[in-house]
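Me: I should like to learn how a structure of this kind is read, feature by feature. Might we begin with a single residue and then widen the view?

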Amino acid sequence: MPSSKPNTLDTTAREQKQQKELFMNAAEHINKKLFIPTMLGTARQGRMSEHVARFVLGEIAKRDEVETELIDIRDIPLSMTDAGEAIKNSSFSATIARADALVIVVPEYNHGYPGLLKHLLDTNLKEYIHKAVGLCGVSNGGFGGARVIENLLPVMRELGLVTIFSDVNFSRVLNVFDASGKLLDDVYVKHTDKFLKELIWMAKVLKYGRDKIPQE
Ligand SMILES: Cc1cc2nc3c(=O)[nH]c(=O)nc-3n(C[C@H](O)[C@H](O)[C@H](O)COP(=O)(O)O)c2cc1C
């Protein structure tokens with residue numbers, strides 16, 4: 001007569017197989033290249049934020065595990081007589097849909113964000129959901145865009161983006177880059193490294209969640 005007792009050896013082997021599968025699944029997702037575009041959030045002539053965006057882009061590009069590209073809001077034609085998903089730009093939407101996370105470089109204009117940046121962000125919705133976002137504030141004042149970042153946080157949340165608890169604040173930006181865009185203060189390499197580590201970690205966690213954890 002067959003024993004009703006479970007075979008301990010079989011159970012252990014089955015558990016080990018399940019654990020290996022879980023590990024392989026997680027490793028497969030964690031090791032896939034992430035796509036993290038960098039958005040330049042102003043179209044102003046002479047914008048210092050362009051130097052910031054190109055610097056951050058370069059720091060992301062140094063990481064083998066991440067692919068990036070510049071999204072320059074100047075290059076995205078948008079209707080000024082409508083708003084929201086009605087005026088979607090297909091190329092921008094495709095980039096956001098492909099992205100695992102976003103970096104937004106945002107200058108502080110009268111303590112707020114440039115209207116054109118908001119106009120562009122508003123054109124998409126589902127493309128952002130459960131993706132990480134990191135914010136780099138830029139100002140010529142001493143607060144490094146801290147106020148614009150605070151103002152942008154509720155917008156990020158409403159779009160379904162997941163903010164991280166690290167930003168980079170480029171204060172007195174006219175002293176941080178020369179006219180050619182050369183970085184004059186190496187401390188920003190360290191700040192950006194810390195910021196990107198946190199963003200990449202969050203991007204991996206959310207990618208795993210989007211791919212593997214069903215939503216009720
Ligand atoms: C319309 C406008 C409003 C601004 N308001 C602020 C401000 O509230 N606080 C601040 O520190 N700098 C302010 N600035 C200066 C910007 O911080 C400065 O131009 C900086 O270089 C970042 O913006 P940019 O990328 O357009 O150059 C303002 C600039 C503009 C054009």
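**Reading the model, from one residue outward**

Reply: Asn175 counts as exposed because it has 10 C-beta neighbours inside 10 Å. Please keep in mind that the model is predicted.

Me: Where in the chain is the place of Asn175?

Reply: Asn175 belongs to the loop that lies between strand E8 (168-170) and H6. Its distance to another residue can be read along the sequence and through space: Asn175 and Asp185 are 10 residues apart in sequence, and their C-alpha atoms are 8.3 Å apart.

Me: Does Glu158 count as buried or exposed, and why?

Reply: The approach is to count neighbours and compare the count with a cut-off, which for an exposed residue is 12 or fewer. Glu158 has 12 C-beta neighbours inside 10 Å and therefore counts as exposed. This residue is found in helix H5. Between the C-alpha atoms of Glu158 and Tyr128 there are 9.9 Å, although 30 residues separate the two along the chain.

Me: How many helices and strands does the secondary structure of the chain come to?

Reply: There are 6 helices and 8 strands. Their order along the sequence is the next thing to read, and here the pattern is α-β-β-α-β-β-α-β-α-β-α-β-β-α.

Me: What share of the 216 residues in the chain do buried residues make up?

Reply: The share is 33%. Contacts add a second view of the whole chain. Among those with a separation of 6 or more, 81% are between residues 24 or more positions apart.

Me: How should a single strand be read, and how many residues of strand E5 are buried?

Reply: One may look at the strand as a whole and then at each face. In strand E5 (residues 101-107), 7 of the 7 residues are buried. One side carries Ala101, Val103, Val105 and Pro107, the other Leu102, Ile104 and Val106, and both faces are covered.

Me: Which strands pair with E5?

Reply: Strand E2 (residues 38-40) runs parallel to E5 and is joined to it by 3 bridges; within this pairing, Met39 stands opposite Ile104. E5 also pairs with strand E6 (residues 131-138), in the parallel sense and over 7 bridges. Pro107 has Val138 as its bridge partner in E6, and the partner of Ile104 there is Leu135. To pass from E5 to E6, the chain goes through helix H4 (residues 115-121), in a right-handed β-α-β crossover.

Me: How many residues of E6 are buried, and which strands besides E5 pair with E6?

Reply: In E6, 8 of the 8 residues are buried. Lys131, Val133, Leu135 and Gly137 lie on one covered face, with Ala132, Gly134, Cys136 and Val138 on the other. E6 pairs in the parallel sense with strand E7 (residues 161-163) over 3 bridges, where Ala132 has Val162 as its partner. A right-handed β-α-β unit is made by E6, helix H5 (residues 146-159) and E7. E6 and E8 likewise pair in the parallel sense, over 3 bridges, and Cys136 is matched with Val168 in E8.

Me: With which residues is Cys136 in contact, leaving aside its neighbours within four places in sequence?

Reply: Those contacts are Val52, Val56, Val103, Val105, Asp167, Val168 and Phe170.

Me: What is the general idea behind a nonpolar core, and which residues touch the most other members here?

Reply: In soluble globular proteins, nonpolar side chains tend to be buried together. The largest nonpolar core in this model has 44 residues, and Val52, Ala101, Leu102, Val105, Val106 and Cys136 touch the most other members. Helix H6 (residues 187-212) gives the largest share of this core, 7 residues.

Me: Finally, which residues come nearest to the ligand?

Reply: A ligand site may be read by listing the residues around it and then sorting them by character. There are 15 residues around the ligand, of which Met48, Ser49, Pro107, Ser139 and Gly141 come nearest. By character, the shell divides into 5 nonpolar, 7 polar and 3 charged residues. Pro107 also appeared above, as the residue of E5 whose bridge partner in E6 is Val138.

Key:
Residues numbered from 1 in each chain as written. Predicted model: local features only at pLDDT ≥ 70, side-chain atom pairs only at ≥ 80, totals over all residues. Near = placed C-beta within 6 Å. Nonpolar A, V, L, I, M, F, W, Y, C, P; charged D, E, K, R; others polar. Core = buried A, V, L, I, M, F, W, Y, C linked by C-beta atoms within 7 Å. Buried ≥ 20, exposed ≤ 12 C-beta atoms within 10 Å, placed from the backbone. Helix = DSSP H or I, 4+ residues; strand = E, 2+ residues; numbered from the N terminus. Contact = placed C-beta atoms within 7 Å. Pairing = 2+ DSSP bridges. Right-handed = clockwise from strand over helix to strand, strands pointing away.
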